[in-house]
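Reader: Hi! Could you walk me through this one while I have it open?

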Amino acid sequence: MLNYLLRRIGYALIMIVLVSFTSFIIIELPPGDFLTQKVEQLRARGDRSAEQQVEMLRVRYGLDKPFLERYVNWAVNFLRGDFGESFEFERPVSEILGARLGYTIILALATTLITWLLAIPLGVISAVRQYSWVDQVISVISFIGLGMPGFLLALIILYFAIIVFNLEVTGLFSPEYQDAPWSVGKVLDLLNHLWLPALIAAITGIGGLVRIMRGNLLDTLGQPFVEAARARGLKNRTVTWKHAVRIAINPLITILGSEVFPSIVVGSSLVAIVLNLPTIGPVFVDSLRKLDMYLAGTCIVFFTIMLLVGNLVADLLLAWVDPRIRLE
Amino acid sequence: MENAQTLAGQTFVNPSMDSRPTLLEVRDLKVEFNIRGGVIKAVDGLTFDIKRGQTVGIIGESGCGKSVTARAILRMIPKPGRITGGQILYYRYSRYPDRDGAKKDVEVIDLTTLDPDGELIRQIRGGEIAMIFQEPMSSLTPVYTAGTHLNEAITLHRLLPIKRLGDQMVEAITKYRRVTKEEARQIAIEMLRRVGIPKPEQRVDSYPHQLSGGQRQRVMIAIALSTEPYMLIADEPTTALDVSIEAQILDIMRELQQTANMAIMFITHNLGVIASMADEIVVMYMGKQVERAKVVDLFYHPKHPYTQALLQSVPRLGPKTGARLASIEGMVPDPLNLPTGCVFHPRCPAFMPGKCDKLIPSWNKVGENHWARCLLYEE
């Protein structure tokens, strides 16, 4: 088991290097760099010394060096905890992302939790009462959730919250706690602000997961071991949850690692922009537009790490849940 | 029409072949499946009874309603099927005295009137009438050990006596309690030993994928018998197994039946297996009971043309004759569009035109303890 873990972590490291390198190449692909945009801005303002300033900056950020050297420098510094400097904000990347990373993970975990807590029971009800009105209602709602983009839902909720209910829904903290040190009050305030964005981000994921859970459970309910469990005199609820759901849930755990968690981290970027949440998402989108390479690269590496950790957790969870895939 | 017995003001034919007390009486049972294309009469007018400790075989081709009958008894018919007529009378022998210590006598329960998810049927299901299935490979939940499965059945249905010494230093059993976790485990290990699983202390913690097909069916039998049921329904329990394993499983069932005085309803399409197991046989065709007799009578003097054809289609050992194996002519009819008159008439070698395709045969006595549903035997 330890051997397996070490091997998985080894693969993960190789993956991070490959992903960061590839993403660097992709960010490089469009013509120009951050400074060509900067020069345009300075020229537009009629700044004569633009060219000289730009040359200075180019040397400072190492943009005059060849691509490979730049990548290696950044990667080596990354290991030392120095993620480089953002061109746009003219501040170290670590400073920009520091707090946001924590909120991103909290939001992703909250979203995943809500997704599962809602999707699994709904999927189970839908399957157990197949073709009943409950099933029809759940199915219609999950198809709507599946089809509606999260940011649109966020906009609609924002409209109702602000215009109709006069609520404050943007951000993760009330103004009085924004810069306050951590306290019980601040945590409660965070939770109070967290549930709505988490719910919005969750809804798009819930729809699909409900359908998958429903389909899996319907398949499982037709299995002989379910009938055998019933023939033992067990209650229907025990048969459904202990025997059928326990088996039907396996594919969902795989999906959790490979799709749900990463898509929540990345996919909720648009929701985060709409709701003005201090997560990595909005910064990442912005950095890609501005060709702010070190910032974008660091974001990508963090996303990759989250994805790989999510995958590893899912695999361990699966091995824990299902003895058939436990490694001897 | 003899041995007419009255119960609840209704008269039924209750042919009694065995002097042992009755355990289960199926009377004119009808099960229908309402599907989009129409109504399938999966079981249509089935009548038989099972005595305590007796083995009754039910044979017939695939789709003749054997398995549906078994599920009707346990009230586990899958949707959209439902019982549309008849009765299933279960003579419930109280196993444990009531709280005041008085042992109640037999209570007759019509299983067809019970709520299929209710408390009473769940006590009977698994506890008093247990069932083993055709697919041993997938009848155990893959994520639980053999012990977990056994433990479920044992803690649900088994009670242990609380022994007390009475005034005369005689052991008096007046109270029962649920088994503890450790006791359940001991019972589970003992059951695995009895069904012939080697090293049961270790095997009890095995997951299904670590057991062979034969071992899994042994575990299923151990689960079914761990609750000391009055009756075991075996739905083609050896169909999926090798012949050598089949013989072992049948031996175990026979042996355990003798020690526990348990009735067996044995469902199969294998005539060789049924000949070695059953006291009495019911032959079914397209949901209808076509013949019923003692095992010896049925094999040596089959009356219904379907039974005769079925027996002729069994390959026999002997010098090669070059003759083709007899098979039953024609195809199994569409269950949504059954033939008129006798349902077997399009395939029947003794077809009487103008009679068999018009008249529905009734249930006729054709010999001592021998009945058939055929116009050949009608006056």
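Author: Happy to; here is a chat about the chain A fold, a surface patch, the empty spaces and some salt bridges.
Author: This is a predicted model, where local features need pLDDT of at least 70, side-chain atom pairs count only at pLDDT 80 or more, and totals for chains, interfaces and linings use all residues. Residues are numbered from 1 along each chain as its sequence is written, chains are lettered from A and ligands numbered from 1 in the order in which they are written, and side-chain values use heavy atoms, with hydrogens and water left out.

Reader: Good. How many helices and strands are there in chain A?
Author: Chain A has 14 helices and zero strands. Helices (H or I, at least four residues) and strands (E, at least two) are DSSP runs, numbered from the N terminus.

Reader: And what does the C-alpha trace of chain A span along its principal axes?
Author: About 85 × 55 × 40 Å. Of its 328 residues, 45% count as buried. Buried means under 20% relative accessible area, exposed over 50%, and partly exposed in between (1.4 Å probe, protein chains only).

Reader: Which residues make the nonpolar surface patch?
Author: Among them are Phe151(A), Leu152(A), Tyr159(A), Phe165(A), Leu270(A) and Ile273(A), in a patch of about 1,100 Å². Patches are made of residues with over 30% relative accessible area and no salt bridge; like charges are joined within 9 Å, nonpolar side chains (Val, Leu, Ile, Met, Phe, Trp, Tyr) within 5 Å. The accessible areas come from the Shrake-Rupley method with a 1.4 Å probe, and for residues only the protein chains shown count as cover.

Reader: Which element gives the largest share of that patch?
Author: That is α7(A), with nine residues. Two elements give two or more residues to the patch: α7 (150–164) and α12 (269–275) of chain A.

Reader: What about Phe165(A), where does that lie?
Author: Phe165(A) lies in the loop between α7 and α8 of chain A. Phe165(A) counts as exposed because its relative accessibility is 57%.

Reader: Switching to pockets. What volume does the largest one have?
Author: The largest pocket has a volume of about 1,200 Å³. Of its 31 lining residues, the closest to the centre are Val128(A), Leu221(A), Arg230(A), Pro78(B) and Lys79(B). For the terms: on a 1 Å grid over the protein atoms alone, a cavity is a set of points where a 1.4 Å probe fits but cannot get out, a pocket is an open set with protein on both sides within 12 Å along at least five of seven lines, and lining residues have an atom within 4 Å of a point. Grid points are joined across faces, edges and corners, and a volume is the space filled by probe spheres set on the points.

Reader: Which element gives the most to that pocket lining?
Author: α10(A), with five residues. By class, the lining of the largest pocket has 16 nonpolar, six polar and nine charged residues. Here Ala, Val, Leu, Ile, Met, Phe, Trp, Tyr, Cys and Pro count as nonpolar, Asp, Glu, Lys and Arg as charged, and the others, Gly among them, as polar.

Reader: How many cavities of 30 Å³ or more are there?
Author: Four cavities reach that cut-off of 30 Å³ or more. The largest cavity has a volume of about 80 Å³. Its lining includes Ala228(A), Arg232(A), Met131(B) and Ile223(B).

Reader: Which element gives the largest share of that lining?
Author: α6(B) does, with three residues. The lining of the largest cavity has eight nonpolar, one polar and one charged residues.

Reader: OK, salt bridges. How many does the structure hold?
Author: The structure holds 27 over all chains. A salt bridge is a side-chain nitrogen of Lys or Arg within 4 Å of a carboxyl oxygen of Asp or Glu.

Reader: Glu25(B) and Arg27(B), are they buried or exposed?
Author: Both are buried, and their side chains meet in a salt bridge at 2.7 Å, N to O.

Reader: What does Glu61(B) pair with?
Author: Glu61(B) forms a salt bridge with Arg347(B) at 3.6 Å, N to O. The pair links distant parts of chain B, 286 residues apart. Arg347(B) is buried because its relative accessible area is 8%, whereas Glu61(B), at 23%, counts as partly exposed.

Reader: Where do Arg254(B) and Asp251(B) lie?
Author: Both lie in helix α7 (residues 243–260) of chain B, three residues apart, about one turn of the helix. Their side chains meet in a salt bridge at 2.9 Å, N to O.
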